[in-house]
Each structure stands twice: as structure tokens, then as C-alpha cells.
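Please load the model and display it as a cartoon, with side chains available for selection. The tour below proceeds stop by stop, naming what to select and what is found there.

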Amino acid sequence: MFDNRIGKTLPPGPWVYTGSTFVRTPKGDRFLAELDGVLIGMMRGPSPLIDNARADVAGGFGAILFNEKLGLASGTPVTLTIRALPR
């Protein structure tokens, strides 16, 4: 991920499991992460299962983007590994 505000890739930092939430809809209770299609969020919000916990993300809407310098074409498969850190 690339932060256009500073012109650099995001350094390692905190990401937290938030678990999303359920919302009441006319079709019954629905899982918000599924409704919004947001599993990992770049900014804090109620939808994602995993959220960016950096202090400066609130002012970065639209500034944190895919890092085009990696040279990956659209549609290139990538693997994202998520693991819990030791306590």
C-alpha cells in the first residue's frame, strides 16, 4: 500500500481485528462486512473485519492506494496472509 501524502509505502504498523457487526435490514439481520464488501479497511469504520489502527488514517481518505511501483497488472493474483501475533 502506498501513502500519497508522504510519497512512500506504508510502514509496518498496527492492524486490529474488529469483527464487523450485524445490522437489521428488511430481510433480517445481515453481516455488515458482507453487505459492504469490506473485509479489510484502510480507515476505521463499522464494516471491516480487520481495520487499520494507525493514528493518522482519518485524514488520509483516498490517499492510501495500491502501490503501482510494484508493477502488478490488474487481475494479477496475490496472496494475503493474516496471522495473529503472539500476546
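**First stop: a three-stranded sheet**

Select strand S1 (residues 2–3) together with S8: the two run antiparallel and are joined by two bridges. The model under inspection is a predicted one. Within this pair, display Asp3, which stands opposite Ile64 in S8. Then add S2 to the selection to complete an open sheet of three strands in the order S2-S1-S8, with antiparallel pairing. Its edge strands are strand S2 (8–9) and strand S8 (64–65), each of which pairs on one side only. In general, strands of a sheet pair through backbone hydrogen bonds, in either a parallel or an antiparallel manner.

**Second stop: the loop at Ser20**

Move next to the loop between strand S3 (15–17) and strand S4 (22–25), and select Ser20 there. Most residues other than glycine have a negative phi. Ser20, although not a glycine, has a positive phi of about 60 degrees. Is this residue, Ser20, buried or exposed? Ser20 has a relative accessible area of 14% and therefore counts as buried, the cut-off being under 20%.

**Third stop: a nonpolar surface patch**

Switch to a surface representation and select Trp15, Leu39, Ile40, Leu80 and Ile82, which form a nonpolar patch on the surface. Together these residues have about 490 Å² of accessible area. Within the patch, centre the view on Leu39, located in the loop between helix H1 (32–36) and strand S6 (40–41). Leu39 is exposed because its relative accessible area is 52%, where the cut-off is over 50%.

**Last stop: the whole chain**

Clear the selection and colour the chain by secondary structure. One helix and eight strands are present, and from the N terminus on the elements run β-β-β-β-β-α-β-β-β. The radius of gyration of the chain is 15 Å, well over the 12 Å that the globule rule gives for 87 residues, so the chain is more spread out than a compact globule. With the view aligned to the principal axes, the C-alpha trace spans about 45 × 35 × 30 Å.

Colouring by accessibility gives a further view. Of the 87 residues, 22% count as buried. The accessible surface of the chain comes to about 6800 Å², and carbon and sulfur atoms account for 60% of that area. Finally, a contact map may be drawn: among contacts with a separation of 6 or more, 50% involve residues 24 or more positions apart.

How values were computed
Residues are numbered from 1 along each chain as its sequence is written. This is a predicted model: local features need pLDDT of at least 70, side-chain atom pairs count only at pLDDT 80 or more; totals for chains, interfaces and linings use all residues. Side-chain values use heavy atoms; hydrogens and water are left out. Patches are made of residues with over 30% relative accessible area and no salt bridge: like charges are joined within 9 Å, nonpolar side chains (Val, Leu, Ile, Met, Phe, Trp, Tyr) within 5 Å. Accessible areas come from the Shrake-Rupley method with a 1.4 Å probe; for residues, only the protein chains shown count as cover. A salt bridge is a side-chain nitrogen of Lys or Arg within 4 Å of a carboxyl oxygen of Asp or Glu. Helices (H or I, at least four residues) and strands (E, at least two) are DSSP runs, numbered from the N terminus. Buried means under 20% relative accessible area, exposed over 50%, partly exposed in between (1.4 Å probe, protein chains only). The radius of gyration is taken over C-alpha atoms; the globule rule is 2.2 Å times the number of residues to the power 0.38. Contact means heavy atoms within 4.5 Å. Two strands pair if DSSP finds at least two bridges between them.
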